[in-house]
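Reader: Please take me through the charged pairs, the packing and the pockets of the structure shown below.

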Amino acid sequence: MGNDVPLRNRTAWAQLEEHAAAVSPQHLRDLFAADPERGTTFTAEALGIYLDYSKNRIDADTIRLLLELAEQSGLRERIEAMFTGERINVTEDRAVLHVALRAPKGEQILLDGIDVVPAVHEVLGRMGEFADSVRSGRWRGHTGEKITNIVNIGIGGSDLGPVMAYEALRHYSDRDLTLRFVSNVDGTDFVEATRDLDPAQTLFIVSSKTFTTLETMTNAATARAWLLDALGDKSAVAKHFVAVSTNTDAVAEFGIDPMNMFGFWDWVGGRYSMDSAIGLSTMLAVGPDQFGELLAGFHAMDEHFRTTPFGANLPVLLGLLTVWYVDFFGTQTQAVLPYDQYLKRFPAYLQQLTMESNGKHVTLSGEHVDYSTGPVYWGEPGTNGQHSFYQLIHQGTELIPVDFLGFTHSLNPLPAADGATHHDLLTANVFAQSEALAFGKTADEVRAEGTAEELVPHRVFEGNRPSNTLLLDRLTPYALGTLVALYEHSVFVQGTIWSVNSFDQWGVELGKVLAKKVAGELSATTEPALHHDSSTNALISRYRTARQQED
């Protein structure tokens, strides 16, 4: 039985529907009371990640049925199809081989009979040589000055991954280098990123596979003008710009030496590309060796996902639990709450990874789904989030599953009061928040605290709010690689169950096409004939009138 069988017709799905009706009324307080070993039974551990999923509204039968659903959905076959280069991205007729980006030398991954791993390592080798030359000062700008500023220009996967990785690994970065990231076509993004930089000491990385992405190339052209306005000589472009692209002609026409173009492949989706040449800014920040550790973490999780039995498989468990809540509890969002300030951009990175992948309304065969897919992922670092949106998670009317990410060691240990450390207090909040969400506080417990009766309803916490806790030792490049790959593969599991293509993103395209048309109408020197709906026509006219009055 596999993906050719509609999801609702799979035996395990029907059993899960019946099971959910029996489980959903049960409270986590009762589940824990009935099983004193629950807190250690519902756990899994691999690659330095300890997953406690005991505070979910599940029992042993839930996991058994979810694992059966995975088998009936062809998950094993689908995993092998990805790792062996089958064209599982059926709408674009492409293989999905981001796992090849972190495969070690000597490993073989075939695409149409050709081993792609040597090509990956050729690019990694060139990236390493370039990073060493910049970091050591051998690479000089047009005026002979050392490069001290790196500006990555990209958007989507060419921005979110590098930004997240830089912030996450800032502890390991060369502090003599200033890294900035420009993605928004809003001119403010470029102006604020460059206003205090010296053009003679600044290197731009232009990341666009086709070298035609509107936002990226608009910002790249602005960066080029900014540089030439200061340095005057067009030949300076070759010393201050490099490209991550596959369009050699366009790169050369821009003024970048094609020798300083770092390529990648159509079997790498943008949101899965941070460990490809798209990660050049990351390598420049932390160095080739630490970037290698990042890749090693990715690869270790790849192997875990491919070879570990599903019942102990971290991405499989996380993915199945997401399906459980989305389709059997009607949840619409998933919070990811990292208790490490360095991971402040991790939830934003996951938004593209998860929602661009599984925000789909038709199956692989083009049939309209009759079940929910693709929850909204969101979050902020703890403890900041506790003072903003946790109120809704604790006492709101929406059920929001939570992933807590914590570390047993801080990269910046600082003492606090009473013999505790900052990190003790931080981690105490991880454990306390998951406990509070699960068990809450009853009306009797509130009254026992001496609370006035009229305030009791306001201070009751219903609890029964599910969460996972992922506990790691410390945030290293290797650990970051395992975490990112964990969520990549969790998304894959969800997409497999839902029978959707997690590797295309047609929903991004329509707005782009329309924006090009509207942009021409906004900037036209003569009044354009407008053929949009009445709302869009009126907005365009109002904008043009306001600009003309200003001019």
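Reader: Which residues are linked in a network of salt bridges?

Author: The model is predicted: local features need pLDDT of at least 70 and side-chain atom pairs count only at pLDDT 80 or more, while totals for chains, interfaces and linings use all residues. Residues are numbered from 1 along each chain as its sequence is written, and side-chain values use heavy atoms, with hydrogens and water left out. A salt bridge is a side-chain nitrogen of Lys or Arg within 4 Å of a carboxyl oxygen of Asp or Glu. Salt bridges of this kind link Arg102, Asp275, Asp302 and Glu488 in a network.

Reader: How many salt bridges does this rule count?

Author: One pair is glutamate 17 with arginine 8, whose closest N and O atoms are 3.3 Å apart. Glutamate 17 is partly exposed at 39% relative accessibility, and arginine 8 is partly exposed at 35%, where partly exposed lies between buried (under 20% relative accessible area) and exposed (over 50%), with a 1.4 Å probe and protein chains only. By this rule the count of salt bridges comes to 24.

Reader: What separates aspartate 61 and arginine 64 in helix 4?

Author: Helices (H or I, at least four residues) and strands (E, at least two) are DSSP runs numbered from the N terminus. Aspartate 61 forms a salt bridge with arginine 64, with the closest N and O atoms 3.5 Å apart. Aspartate 61 is partly exposed at 37%, as is arginine 64 at 40%. Because the two are 3 residues apart in helix 4 (residues 60-72), they are separated by about one helical turn.

Reader: In the salt bridge of aspartate 112 with arginine 87, how far apart are the closest N and O atoms?

Author: Aspartate 112 is exposed at 57% relative accessibility, whereas arginine 87 is partly exposed at 36%. In this salt bridge the closest N and O atoms of aspartate 112 and arginine 87 are apart by 2.4 Å.

Reader: How many residues apart along the chain are aspartate 112 and arginine 87, a salt-bridged pair?

Author: Aspartate 112 and arginine 87 form a salt bridge. The pair links distant parts of the chain, with aspartate 112 in the loop between strand 3 (110-111) and strand 4 (114-115) and arginine 87 in the loop between helix 5 (75-83) and strand 3. Their separation in residues is 25.

Reader: Is serine 357 buried or exposed?

Author: Serine 357 has its place in helix 15 (residues 346-358). Beyond its neighbours within four places in sequence, serine 357 is in contact (heavy atoms within 4.5 Å) with Arg271, Tyr272, Gln352, Val491, Asn501 and Ser502. At 0% relative accessibility, serine 357 counts as buried.

Reader: Which element gives the most residues to the largest nonpolar core?

Author: A nonpolar core is a set of buried Ala, Val, Leu, Ile, Met, Phe, Trp, Tyr and Cys residues joined through side-chain atoms within 4.5 Å. Of the 123 residues in the largest core, Trp267, Trp324, Phe346 and Leu480 touch the most other members. The element that gives the most to this core, 12 residues, is helix 20 (residues 477-498).

Reader: How many residues are in the second, separate core?

Author: In soluble globular proteins, nonpolar side chains tend to be buried together. The second core is separate and includes Val151, Val182, Val206 and Met217. Its number of residues is 25.

Reader: Which element gives the largest share of the lining of the largest pocket?

Author: On a 1 Å grid over the protein atoms alone, a pocket is an open set of points where a 1.4 Å probe fits, with protein on both sides within 12 Å along at least five of seven lines, and lining residues have an atom within 4 Å of a point. The largest pocket holds about 1,100 Å³, a volume being the space filled by probe spheres set on points joined across faces, edges and corners. Its lining has 41 residues, of which Thr213, Gly270, Gln505, Glu509 and Lys512 lie nearest the centre. The largest share of that lining, 6 residues, comes from helix 21.

Reader: What is the volume of the second largest pocket?

Author: This pocket is lined by 17 residues, of which Asp340, Gln341, Ser410, Asn412 and Leu426 lie nearest its centre. The largest share of the lining, 3 residues, comes from helix 17 (residues 422-439). The volume of the second largest pocket is about 350 Å³.
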